[in-house]
Amino acid sequence: MDDLIVLEGVEKVFDVRRRAGFLRRERHRVRAVDGIGFRVPRGEMVGYIGPNGAGKSTTIKMLTGILTPSAGRLRVAGIDPSRDRSRLARRIGVVFGQRTTLWWDLPLRDSYGLVRRMYRVPDARYRANLERCVELLDLGELLDVPVRQLSLGQRMRGDIAAALLHDPEVLYLDEPTIGLDVASKAKVREFLRDVNAERGMTVLLTTHDLTDIEQLCKRVMVIDHGRLVYDGGLDGLHAKGESERTLVVDLEREFPPITGVPGARVVRVEGPRQWLAFAATHSAAPVVAAVAERYPLVDLSVREPDIEQVIARMYAEG
Amino acid sequence: MRLYAAVAVSGFRRHATYRVATAAGVFTNTVFGFILAYTYIALWNERPHLGGYGREQALTFVWTSQALLGAACLIGGGFQEELQERIRSGDIAVDLYRPADLQLWWLASDLGRAFFQLLGRGVVPLAVGALCFELALPGLSLTWAAFLLSVLLGLLVSFGLRYLVGLCAFWLLDGAGVNMAFALLSMFFSGTLLPLNVFPGVFGEVARVLPWSAMLQVPVDVLLERRTGAGLAAALGFQAAWAVALLLAGRALQTAATRKVVVQGG
């Protein structure tokens, strides 16, 4: 019912002109987004991932209204973005990891002042929001520093605060942790989790860093060649990608490869240590029980599948 | 409106932070002023009353042009290069989704910059000129008010032209060639090299009705009290007409550019 982002059969086709010989130009069509549909309910934080050129940024641009879809229906907070761009702008926040919305030569504080005027944020609201962002994002000492002197991590935090001063209902994050060090990434993620939980803000997160997704999103959508190839929970992604978990067992001494464990197969043997792969959707317990019943078990560990490999496999198939 | 006032203030402050650049600008304008002043003295000694100016008036022209050089971007430069860079890099997307008007935004920010440069880079060269040479400056009178109004209209015309140049980047991507051509045109047709009224015949007539003359020639003539009464009204009307025409053209071009981006992607 209360879906803040709605896409139905959205397409975006670009006409690209290419030089094909002297003065002759060929037109050809590129389908950047090829019939995408999804809904994001209020308060959900969704990961939107895909390889470079898959159509992620095109989707985000359509969702902000700076690109009109070639076909299909698109609504954000009930507004048709490309028709009513400036009305929508007051209700959404956008953070582009690779661009800044701040003003290079101005101190952060002055940039925020401009944002406040632009979105006509009431005084009390502005002060409260700024205070909160300053506290959670550790901006206190940076407020009077011109943006050009900030480090990438500091600038990113400054940008995130700028996107939140007008209390947007929907937040688009386009690679918010790109280029950040581990500590800065952790800080940004923690803040986003808080904001999402506290204000019930709907968040669409585009990233190449799958740790962002694992730590922040219950739901993930994978786009490739302009089409949605997956939409669901993170665990479902494993099923779809046919990923496997690995049980590593240390036996008392060397054995020939373990046999007779249903649903599992040995993928590697090294002295008394053996690796058994089984479907990620299965529980490890019956596998462990079956091994322990017939072999002298000394130690064991279970390795989770690497989500990056899962997705890489999915991209390769698409 | 308060937003654009805030943008203008930030444009002013932004340039105020570059103190060394401002000092260098003052120095350059003063040196230019001396070079041009002695060139003009040589010229007016040979040809007194050239273009209807006496020697003092010609020297007033020189020092006023140096005072306005930075503010009105008489020899090029200005925000348009930044705008082109934003278009080229795609940062313009950030500007487009904001609930603010692109043209008004840049206008406000450019006026803020121009006011700073008028104060920071304009006052000192004019004062130096007035101390070292005999100029034909008016006393304390309404002429100064008319002059400032004329300068303001000139700044609007200057912005109007440069906004068109900046938006070219939506089609050309690389604005370097346009910028260079535009800087040359500005330098010549504003009268920065030689006052436009020294040029004879049809060429002179044409030069005097092009928009660039609203940036320097007209304000100086107002200051020299060569335009008074109905002539003053006509002069200001001429500037205002160009300002309106150019701002409207900028708006039309902006609409076309936005449509191109929105439909085709950058």
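The legends below describe close-up views of a predicted model with chains A and B.

**View 1. Chain A as a whole, with helices and strands together.** Chain A contains ten helices and 13 strands, and its C-alpha trace spans about 75 × 55 × 45 Å along the principal axes. Of the 318 residues in this chain, 51% count as buried. When contacts in chain A between residues at least 6 apart in sequence are considered, 69% of them join residues at least 24 apart.

**View 2. A salt bridge between two strands of chain A, A:Arg227 with A:Asp34.** The closest N and O atoms of A:Arg227 and A:Asp34 are 3.4 Å apart, and the two residues form a salt bridge. The pair links distant parts of the chain, since A:Arg227 belongs to strand β9 (residues 227–233) and A:Asp34 to strand β2 (residues 25–41), with their positions 193 residues apart in sequence. The two partners can be read separately for their exposure: A:Arg227 is partly exposed, with a relative accessible area of 47%, whereas A:Asp34 counts as buried at 16%.

**View 3. A salt bridge within one helix of chain A, A:Asp123 with A:Arg127.** Here the side chains of A:Asp123 and A:Arg127 meet in a salt bridge, at 4.0 Å from N to O. Both residues lie in helix α4 (residues 123–137) of chain A, and because they are four residues apart they are separated by about one helical turn. A:Asp123 is partly exposed, its relative accessible area being 38%, while A:Arg127, at 52%, counts as exposed.

**View 4. A buried salt bridge between two helices of chain A, A:Arg189 with A:Asp212****.** A:Arg189 and A:Asp212 form a salt bridge in which the closest N and O atoms are 2.6 Å apart. A:Arg189 lies in helix α6 (residues 182–199) and A:Asp212 in helix α7 (residues 210–216) of chain A, so the pair ties together parts that are 23 residues apart in sequence. Buried is the class of each partner, with a relative accessible area of 7% for A:Arg189 and of 1% for A:Asp212.

**View 5. A network of salt bridges in chain A.** A:Asp2, A:Arg42, A:Arg91 and A:Glu169 are linked to one another in a network of salt bridges. For the model as a whole, the count comes to 40 salt bridges over all chains. As a general point, side chains of opposite charge can pair when their charged atoms come close.

**View 6. The contact of helices α4(A) and α6(A).** The axes of α4(A) and α6(A) come within 10 Å and cross at roughly 140°, and the two helices are therefore oblique to each other. On the α4(A) side the contact is made by A:Asn129, A:Arg132, A:Cys133, A:Leu136 and A:Leu137, which meet A:Lys187, A:Phe191, A:Asp194, A:Glu198 and A:Arg199 of α6(A). Sorted by class, this contact of α4(A) with α6(A) has four nonpolar, one polar and five charged residues.

**View 7. Chain B as a whole, built with helices and zero strands****.** The secondary structure of chain B comes to twelve helices and zero strands, and its C-alpha trace spans about 60 × 40 × 35 Å along the principal axes. A compact globule of 266 residues would have a radius of gyration near 18 Å, and the 19 Å of chain B agrees with this. Of its 266 residues, 53% count as buried, and residues 24 or more positions apart account for 80% of the chain B contacts with a separation of 6 or more.

**View 8. The surroundings of B:Gln254.** B:Gln254 is found in helix α12 (residues 230–264) of chain B, where, at 11% relative accessibility, B:Gln254 counts as buried. Leaving aside neighbours within four places in sequence, B:Gln254 is in contact with B:Asp101, B:Leu102, B:Gln103, B:Tyr163 and B:Leu167.

**View 9. B:Arg98 and the chain A residues in contact with it****.** B:Arg98 lies in the loop between α5 (92–97) and α6 (102–132) of chain B, and B:Arg98 is buried, with a relative accessible area of 7%. Once neighbours within four places in sequence are left aside, B:Arg98 is in contact with A:Ala89, A:Thr101, A:Trp103 and A:Met118. Within chain B, B:Arg98 and B:Trp212 are 114 residues apart in sequence and 32 Å apart in space, C-alpha to C-alpha.

Methods: Residues are numbered from 1 along each chain as its sequence is written. Chains are lettered from A and ligands numbered from 1 in the order in which they are written. This is a predicted model: local features need pLDDT of at least 70, side-chain atom pairs count only at pLDDT 80 or more; totals for chains, interfaces and linings use all residues. Side-chain values use heavy atoms; hydrogens and water are left out. Buried means under 20% relative accessible area, exposed over 50%, partly exposed in between (1.4 Å probe, protein chains only). Axes are lines fitted to C-alpha atoms, for helices over the stretch in contact, and angles run from 0 to 180 degrees between N-to-C directions. Angles under 35 degrees count as roughly parallel, over 145 as roughly antiparallel, 65 to 115 as roughly perpendicular and the rest as oblique. Contact means heavy atoms within 4.5 Å. Ala, Val, Leu, Ile, Met, Phe, Trp, Tyr, Cys and Pro count as nonpolar, Asp, Glu, Lys and Arg as charged, and the others, Gly among them, as polar. The radius of gyration is taken over C-alpha atoms; the globule rule is 2.2 Å times the number of residues to the power 0.38.
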